[in-house]
Amino acid sequence: MAQSLIQRLRLQNPSKAQRTVGRVTRLFTTRAAAFDADVSKINVYTAYTVYKGRGAMSLKLIKPTWERISTGSGIRVSREGTVLLEFAQSKGERVYDWDNKGTFAMNAVECGDILEAIETSTERSFFHDPNRMGSAQGAVTKTLKFSPARDSGYFFSLYVNDKSAGGVVTSRYDTAISNAELRVIQQVLQFAIPRILGFDEMFAGAPEVKDSTFAATDYDPPPPPPPPF
């Protein structure tokens with residue numbers, strides 16, 4: 001099977017922490033703790049962005065972070081990932097003010113709530129306080145509204161109230177989503193939910209060798225099953 005560019009680049013660097021069983025190699029990386037400070041990272045950036053006359057909205061995936069468990073025999077999620085929504089207001093024809101963007105990070109349950117709203121054609125509203133339980137609680141609050149349009153499609157609306165400068169500054173971002181764009185967002189959310197929870201890493205790990213009499217490097221995978229005809 002042909003390897004991707006990222007896999008080839010990773011395998012060319014022998015300093016990376018790898019676990020190999022036969023022909024299967026997995027690379028373990030973490031953002032929370034640097035187990036190998038010399039490991040060079042390969043960053044992959046992707047997003048789905050909707051551009052409209054009044055503003056734009058970009059949808060990005062933030063991976064979960066990992067940490068080693070106390071026994072050192074594995075890793076676990078230390079912080080779940082999110083689906084990050086970024087909003088920018090229009091500054092003119094095909095020009096958007098991303099320098100003053102508004103952001104809203106949705107967790108897995110909120111993503112599921114959006115999917116439920118799409119299926120039932122209903123409205124949803126989410127409230128975030130980025131400084132909740134901290135000394136600056138209430139200084140900045142965010143409300144995301146997801147509501148069906150009158151004819152077809154949906155609206156994403158983000159309201160940001162900022163009291164940190166003394167007064168109250170309210171910013172509003174609106175993006176209309178067509179039915180086709182909504183279908184893309186729906187597919188991305190369905191793809192994202194198990195991955196921001198880390199389930200993809202669990203199933204993508206190296207296979208377990210149960211027979212302790214054989215070394216991992218001696219493992220020979222069985223032949224493929226015969227065709228069904």
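The following dialogue works through labels applied to a predicted model and the reasoning behind each.

Student: What makes the contact between Glu-181 and Lys-52 a salt bridge?

Tutor: The closest N and O atoms are 3.0 Å apart. The cut-off is a Lys or Arg side-chain nitrogen within 4 Å of an Asp or Glu carboxyl oxygen. Therefore the pair qualifies.

Student: Why is this pair said to tie together parts of the chain?

Tutor: Glu-181 lies in helix α3, residues 179-196, and Lys-52 lies in the loop between β3 and β4, so the bridge ties together parts that are 129 residues apart in sequence.

Student: Is Glu-181 called buried or exposed, and why?

Tutor: Buried, because its relative accessibility is 17% and the limit for that word is under 20%.

Student: What about Lys-52, and why?

Tutor: Lys-52 has a relative accessible area of 24%. Buried needs under 20% and exposed needs over 50%. So Lys-52 is partly exposed.

Student: How many salt bridges does the structure hold?

Tutor: Seven. One of them joins the side chains of Lys-101 and Glu-86, at 3.0 Å from N to O. Lys-101 sits in the loop between β8 and β9, while Glu-86 is in strand β7, residues 82-92. The two are 15 residues apart.

Student: Which label does each partner get, and why?

Tutor: Glu-86 has 6% relative accessibility, so it counts as buried. Lys-101 has 39%. That value falls between 20% and 50%, so Lys-101 is partly exposed.

Student: How do you know that Asp-113 and Arg-124 meet in a salt bridge?

Tutor: Their N to O distance is 2.6 Å. The limit is 4 Å, so the pair passes. Asp-113 belongs to helix α2, residues 108-120, and Arg-124 to strand β10, residues 124-128. Eleven residues separate them along the chain.

Student: Why is Arg-124 called buried?

Tutor: Its relative accessible area is 18%. Under 20% means buried, so Arg-124 gets that label. Asp-113, at 27%, is partly exposed because its value lies between the two cut-offs.

Student: What joins Arg-54, Arg-172 and Asp-174 into one network?

Tutor: Salt bridges that share partners.

Student: What makes Phe-199, Met-202 and Phe-203 a nonpolar patch?

Tutor: Patch members must have over 30% relative accessible area and no salt bridge, and nonpolar side chains are joined within 5 Å. Take Phe-199 as the worked case: at 43% relative accessibility, it clears the 30% bar. Together the three residues have about 410 Å² of accessible area.

Student: Why is Phe-199 called partly exposed?

Tutor: The word exposed needs over 50%. Phe-199 has 43%, so it counts as partly exposed. Phe-199 is found in helix α4, residues 199-203.

Student: How far is Ile-75 from Glu-201?

Tutor: Their C-alpha atoms are separated by 10.0 Å, with the two positions 126 residues apart along the chain. Ile-75 is in strand β6, residues 75-79. Its relative accessible area is 29%, so Ile-75 is partly exposed.

Student: Why use a probe to find pockets?

Tutor: Because rolling a probe the size of a water molecule over the atoms shows where empty space is left.

Student: What lines the second largest pocket, and how much space lies in it?

Tutor: About 630 Å³ of space lies there. The lining has 21 residues, with Arg-79, Thr-82, Ala-105, Met-106 and His-128 nearest the centre. β9 gives the largest share, four residues. β7, β9 and β10 each supply at least two. By class, the lining has seven nonpolar, six polar and eight charged residues.

Student: What makes the backbone of Arg-94 worth a mention?

Tutor: Arg-94 has a positive phi of about 60° although it is not a glycine. Arg-94 is in the loop between β7 and β8. Its relative accessible area is 76%, which is over 50%, so Arg-94 is exposed.

Student: Where is Met-133, and what is its phi?

Tutor: Met-133 is in the loop between β10 and β11. Its phi is near 70°, again positive in a residue other than glycine. At 71% relative accessible area, Met-133 is exposed.

Student: Why is Gly-53 called exposed?

Tutor: Its relative accessible area is 67%, and exposed means over 50%, so the label fits. Gly-53 is in the loop between β3 and β4. The C-alpha atoms of Gly-53 and Thr-175 are separated by 8.6 Å, although the residues are 122 apart along the chain.

Definitions and conventions: Residues are numbered from 1 along each chain as its sequence is written. This is a predicted model: local features need pLDDT of at least 70, side-chain atom pairs count only at pLDDT 80 or more; totals for chains, interfaces and linings use all residues. Side-chain values use heavy atoms; hydrogens and water are left out. Patches are made of residues with over 30% relative accessible area and no salt bridge: like charges are joined within 9 Å, nonpolar side chains (Val, Leu, Ile, Met, Phe, Trp, Tyr) within 5 Å. Accessible areas come from the Shrake-Rupley method with a 1.4 Å probe; for residues, only the protein chains shown count as cover. Buried means under 20% relative accessible area, exposed over 50%, partly exposed in between (1.4 Å probe, protein chains only). On a 1 Å grid over the protein atoms alone, a cavity is a set of points where a 1.4 Å probe fits but cannot get out, and a pocket is an open set with protein on both sides within 12 Å along at least five of seven lines; lining residues have an atom within 4 Å of a point. Grid points are joined across faces, edges and corners, and a volume is the space filled by probe spheres set on the points. Ala, Val, Leu, Ile, Met, Phe, Trp, Tyr, Cys and Pro count as nonpolar, Asp, Glu, Lys and Arg as charged, and the others, Gly among them, as polar.
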